[in-house]
Amino acid sequence: MQKLCLWLVWLAAIGFSTLTKAAIILQYHHVSSTTPKTTSVTPAEFRQQLQHLKDQNFKVVSLERIIQQLQRGETTVDNEVAITFDDGFANVFTTARPILKEFGYPYTMFLGPALIDRREGPVLSWQQIQTMHDEGVIIANHSSYHHRLAVPNIGETKKQWRARVKADILLAEQQLEQKLGVKRKWLAYPYGDFSAELEDLITELGFIGIGQQSGAVGPGVSMTRIPRYPSSSQFAALQHFVPKLKTLAFPVTNYSGADPVSTQNPPTLKLSVKVQDFKATQLNCFFNGQPIELQWLNAQTFTAKAKAPLKLNHNRYNCTAPSLKKPGYFYWFSQPWVFVQ
């Protein structure tokens with residue numbers, strides 16, 4: 001009996017250990033002092049963030065390493081961080097790249113090949129992209145045209161939507177393979193918008209889906225909605241950056257009530273989680289920094305709903321709970337919303 005009790009204690013410890021290990025993926029667009037603030041981090045802020053990672057002994061690794069850990073069902077490694085950029089802006093090459101080289105940090109860039117071909121905005125050239133690829137930078141799919149993919153356009157049927165989105169994703173993959181010889185089947189959703197139907201489609205295509213909603217990476221994370229922490233704009237300052245590095249992946253067991261697409265505003269989030277390393281009474285959910293109503297339906301499932309309609313450009317519910325085993329760390333889950341009429 002004593003051996004059985006010790007074995008059960010050991011199993012519980014292993015479970016807690018798995019839950020309390022998480023990696024962090026950071027997401028950027030511009031590294032510049034002259035581009036729109038909402039999608040920018042200044043060179044000074046970017047350097048300060050990287051210096052903090054170095055000073056605090058974080059290990060900056062490739063996104064591929066973290067994704068492979070998830071694919072294999074391995075425990076993500078504490079203190080590992082991956083750096084990613086969306087859209088392929090030229091200042092990633094001219095400004096971010098030299099700073100990253102100083103620190104010796106790997107990074108990933110998600111881009112839309114059609115936007116590069118058309119030179120839409122201050123984007124990279126294919127020559128610059130080739131140089132970065134030759135230096136070991138991971139280049140991956142952000143759809144070819146960077147259109148919104150989550151729901152049909154006005155007047156578009158579900159069948160037409162599916163055909164359009166599938167063609168856009170596969171075209172980008174084909175273009176990246178032709179230009180650079182890469183084919184990873186990763187998709188970073190344009191604008192961070194996705195839906196349960198889009199998740200089903202990319203699963204059917206054999207892709208991994210990567211969002212822009214905040215959260216750590218570890219047990220319970222879906223391979224069709226891998227979270228990343230936006231690290232620009234108001235989130236660039238160290239006072240906001242540092243707490244992100246002390247978060248854990250929310251142990252979700254059922255996402256069926258968490259389709260980002262909603263016809264109701266305010267929407268209702270329903271989520272089933274493994275309540276093991278946090279107290280249900282300490283779970284709180286917020287919208288735009290303000291607490292929202294939370295109700296436990298049973299020991300593992302809760303709902304959350306704001307009191308008033310959401311009116312931001314990017315609407316998120318964020319749910320957090322302090323870890324019991326890892327003082328100072330919080331479980332974090334972010335739910336994006338896409339509204340349809």
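By class, the residues lining the largest cavity split into 11 nonpolar, 7 polar and 1 charged. This cavity turns up in a predicted model, and it holds about 130 Å³ of space. Its lining runs to 19 residues, and those nearest the centre are Val-221, Arg-225, Pro-227, Tyr-255 and Phe-333. Strand E20 (residues 330–339) chips in with 5 residues, the largest share of that lining.

Altogether, the count comes to 3 cavities of 30 Å³ or more. The second largest has a volume of about 60 Å³. Its wall draws on residues from several stretches of the sequence, including Ala-22, Ile-24, Phe-58, Leu-245, Thr-247 and Tyr-329. Asp-78, Asn-79 and Glu-80 also line this second cavity, as does Lys-326. Sorted by class, the lining of the second largest cavity comes out at 6 nonpolar, 2 polar and 3 charged residues.

Turning to the helices, H2 covers residues 43–55, 13 residues in all. From first C-alpha to last, H2 reaches 18 Å, close to the 18 Å expected at 1.5 Å a residue. Buried along H2 are Glu-45, Phe-46, Gln-49, Leu-50, His-52 and Leu-53. These buried residues sit on the same side of the helix because they cover an arc of only 155° around its axis. Ala-44 and Lys-54, over on the other side of H2, are exposed. After the helix comes Asn-57, with a positive phi near 60°.

Conventions: Residues numbered from 1 in each chain as written. Predicted model: local features only at pLDDT ≥ 70, side-chain atom pairs only at ≥ 80, totals over all residues. Heavy atoms only, no water. Helix = DSSP H or I, 4+ residues; strand = E, 2+ residues; numbered from the N terminus. Expected span 1.5 Å × (residues − 1). Buried < 20%, exposed > 50% of the residue type's maximum accessible area, 1.4 Å probe, protein only. Arc of directions from axis to C-beta. 1 Å grid on protein atoms, 1.4 Å probe; cavity = no way out; pocket = protein on both sides within 12 Å on 5 of 7 lines; lining within 4 Å. Points joined across faces, edges and corners; volume = space filled by probe spheres on them. Nonpolar A, V, L, I, M, F, W, Y, C, P; charged D, E, K, R; others polar.
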